[in-house]
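Let's take a friendly walk through a protein model, one stop at a time. Keep the picture open beside you as you read.

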Amino acid sequence: MSNHLATAPHGKVTLFGVLRSESIRFFSLNSTRILVLLAIVFYVGIAAVATWGIGSLSASMGDTDQMPGMEGLSAPGFAAELIGSGLVFSQLILGVLGVLLFSGEFTTGSAVSTFLASPRRLRVLAAKGILIILLTAVVQIISSLLAFAISKPIAENYQMNLEFSSDAFQRVLWYGTLAVTMAALIGLALGMLLRNSAGGITSLAALFFVLPIILSILTALTDWAQNIAKFTPDQLGMGLATPASVVTDLETWQQLLGVAGWIVFPLVLGAILLTKRDIK
């Protein structure tokens, strides 16, 4: 038998191959399926309840245009922004997915086999990044479309203006998806930096829930806290998706630049540490 027949050929590791492997492993986990389902159910449920609650309130109060502080209930686009009421929960739930996608490797000890199979660490990071972007974007778009379909008849029942082609809903649909994707990528970076699921999830919750509460308290006492608060990831994302509800003096390009910063800087820092630290 000739030597070239006796020697097994070596397969070439590609980005697509790593992406396929990561996808199979990630979707085989019960936690992934549960979190995706929770993200959709919570988002749709909150949108429907918010639309029903505001609609019934408006109907019981009559002409809200004549009531101080209630004029916004009948403003164009207000019903569309109600659909974005659950964005903060989607950010947290799908952000947790981002954390688990990387931290799970080190929690279970599978990181060693992953990087032995694909020694180029940045290629693994790229595959995980592509996977979480596609997953969160698809889940959030589906959630928004389902929320619109369910909220539309509720809004019509209370004579609330809710149109698919309106600028308000399109902002909720696309900028809301961007906000959730940002949270997922921040979660991915936290999982990569901390290598611990509990620590990554706690840090994510602190960034999106605890920090805004602290800054809102400080805002009443100092001016500098307000300047910082508008650059936090939750305010940037929500300000883009629901500008009437989350008012900011930042231009759209400034908000987008802030979102890009929250995505790029943690991932770059994580990538640097990933290439320098031992895989254990």
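The paragraphs below visit a helix, a single residue and then some aromatic rings. Keep in mind that this is a predicted model.

Start with helix H11, which runs over residues 233–241. How many of its nine residues are buried? Eight of the nine are, so the helix is mostly covered, where buried means under 20% relative accessible area. The buried ones are Pro233, Asp234, Leu236, Gly237, Met238, Gly239, Leu240 and Ala241. And what covers them? The cover for these buried residues of H11 includes four helices: H5 (87–108), H8 (167–194), H9 (197–219) and H12 (252–276). Try finding each of these helices in the picture, and remember H5, since we will return there.

Next, look for Val36, which has its place in helix H3, residues 30–61. Is Val36 buried or exposed? Its relative accessibility is 16%, so Val36 counts as buried. Leaving aside residues up to four places away in sequence, Val36 touches Leu97, Leu135 and Val139. To get a feeling for distances, pick out Gly261 as well: Val36 and Gly261 are 225 residues apart along the chain, and 26 Å separates their C-alpha atoms.

Now for the aromatic rings. The model has six aromatic pairs. One of them joins Phe102 and Phe106, whose ring centres are 6.3 Å apart with 10° between the planes, and this pair is stacked. Both residues belong to helix H5, and the four residues from one to the other make about one turn of the helix. Phe102 and Phe106 are both buried.

A second pair is formed by Phe164 and Phe169. Here the centres lie 5.2 Å apart and the planes meet at 45°, so this pair is tilted. What about the surroundings of the two partners? Phe164 has 38% relative accessibility and therefore counts as partly exposed, whereas Phe169, at 0%, counts as buried. Ring pairs also bring in another residue, linking Phe148, Phe164 and Phe169 into a cluster.

Finally, go back to Phe102 in helix H5. Which charged residue has its end over the ring of Phe102? The answer is Lys128, with its charged end 5.1 Å from the centre of that ring. So Phe102 appears twice on our tour, as a stacked partner of Phe106 and as the ring beneath the charged end of Lys128.

Definitions and conventions. Residues numbered from 1 in each chain as written. Predicted model: local features only at pLDDT ≥ 70, side-chain atom pairs only at ≥ 80, totals over all residues. Heavy atoms only, no water. Buried < 20%, exposed > 50% of the residue type's maximum accessible area, 1.4 Å probe, protein only. Helix = DSSP H or I, 4+ residues; strand = E, 2+ residues; numbered from the N terminus. Contact = heavy atoms within 4.5 Å. Phe/Tyr/Trp six-rings, centres within 6.5 Å; stacked < 30°, edge-to-face > 60°. Lys NZ or Arg CZ within 6 Å of the ring centre and 35° of its normal.
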